[in-house]
Amino acid sequence: MKGEPTIGDAFGEVVRDALAVATGIGPRPLVGGRLPRPVIEIIERDDGLINGAPAAHYLAGPDEWQPYDHRAVDRVHGETLDIGVGAGRIALRLQDRGVAVTGLDVSAGALAVCRKRGVRSLVHGTVDRHASDGRRYDTFLLLGNNLGLLEGRERAPGFLAALAAMARPGAQVIAHGTNPYGTSDPVHTSYHEANRARGRLGGQLRLRVRYRELSTPWFDYLVCTPDELAGIVHGTAWRLVDVDITDAPYYLATLRLGN
C-alpha cells in the first residue's frame, strides 16, 4: 500500500470516464460491475479540505448552462482561444456558430475527449508555450471559473503577457470569476486569513485534482473579487473594462488590450 496517489493526468481520466458514462461507449466505472457509476471529480485543498462534484457538467450542452455562460459566448468575436478547454463544451458551441476557435489545455486526456466530441483545433500546453507558436487571436476565454488560471499576484503578469503576445489589436479577454468572500463558513474564512498572513490574496487556493489512483501536481488557483482583479491587471498590457455581476457572487470580467 502507498500513502499518496500517483501523479498523472487525473483530470483527463475524469472527463474520459464522464464521456464514457454519458455515451455508454468505452471503459467506465460500474456499480457492482453492471450499472454506470456517476464520475466524481475530487478537489483537495492544501489545508486538507476535500470536495467532490459530479463531472457530467464538463459535457453539458447549452440548455444546461448558467446564464453567464451564454452571455460570455455572445461577447465573442474573431478568432478565439478557449483556455482550459476541458471537454470542449464552449468550443463546440462556438464552432456551431461559425467561430474559428482553438481549445488549449495542459491535459492530454481532456484534449482526447475534445477530439472525440468534434473540436477541430486543439493545442496541448500552456499559454506561455503557445505564445511562441505565432498564432494570433481576437478573443481569449477563461470560462468555467478559469479566471483562476491567473494563479495569484506573482504568476498573473506573466500569464497576461503571454496573452498579449498572441493578441491582435483590440483583443479581449472574457473571464468567469467568483467572489470568494461571501461565506461565513470558518473552514473558508480561516483559510482566507491564513493566506493573507502569508502575503497571498485571501482566495488564492492551493489545489490538486484527484481521481481513482491518480492526482495532478499541486497548483495555485485564484478566486478573487473584481477589485482584486483590477489591482492584478494594473500595469499590464490589459485594462479591465467591464464587470458583469448579474449572477453574483459569479461575475464576467472583460479585459481589453491597450489604452
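In this predicted model, I42 of strand β4 has G52 in β5 as its bridge partner. This briefing covers the strand pairings of β4 and then the nonpolar cores. Strand β4 pairs antiparallel with β5 and also antiparallel with β11. The largest nonpolar core holds 32 residues.

**Strand pairing around β4**

- Strand β4 spans residues 40-45 and strand β5 spans residues 50-54, with five bridges between the two.
- Four residues separate β4 from β5 in a hairpin, and G48 in this turn has a positive phi of about 100°.
- Strand β11, residues 204-211, is joined to β4 by four bridges.
- Within the pairing of β4 and β11, I43 lies opposite V209 of β11.

**Nonpolar cores**

- Among the 32 residues of the largest nonpolar core, those touching the most other members are I83, F140, L163 and W238.
- At least two residues of this core come from each of β6 (80-83), β9 (137-142), α6 (156-165), β10 (167-178), α8 (226-233) and β15 (250-257).
- Helix α6 provides five residues, the largest share of this core.
- Leaving aside residues up to four places away in sequence, F140 is in contact with L81, I83, L163, M166, A167, A171, Q172, V173, I174 and W238.
- A separate core of 21 residues lies apart from the largest one, and its members include L94, L111, C114 and I174.
- As general background, nonpolar side chains in soluble globular proteins tend to be buried together.

Notes:
Residues are numbered from 1 along each chain as its sequence is written. This is a predicted model: local features need pLDDT of at least 70, side-chain atom pairs count only at pLDDT 80 or more; totals for chains, interfaces and linings use all residues. Side-chain values use heavy atoms; hydrogens and water are left out. Two strands pair if DSSP finds at least two bridges between them. A nonpolar core is a set of buried Ala, Val, Leu, Ile, Met, Phe, Trp, Tyr and Cys residues joined through side-chain atoms within 4.5 Å. Buried means under 20% relative accessible area, exposed over 50%, partly exposed in between (1.4 Å probe, protein chains only). Contact means heavy atoms within 4.5 Å.
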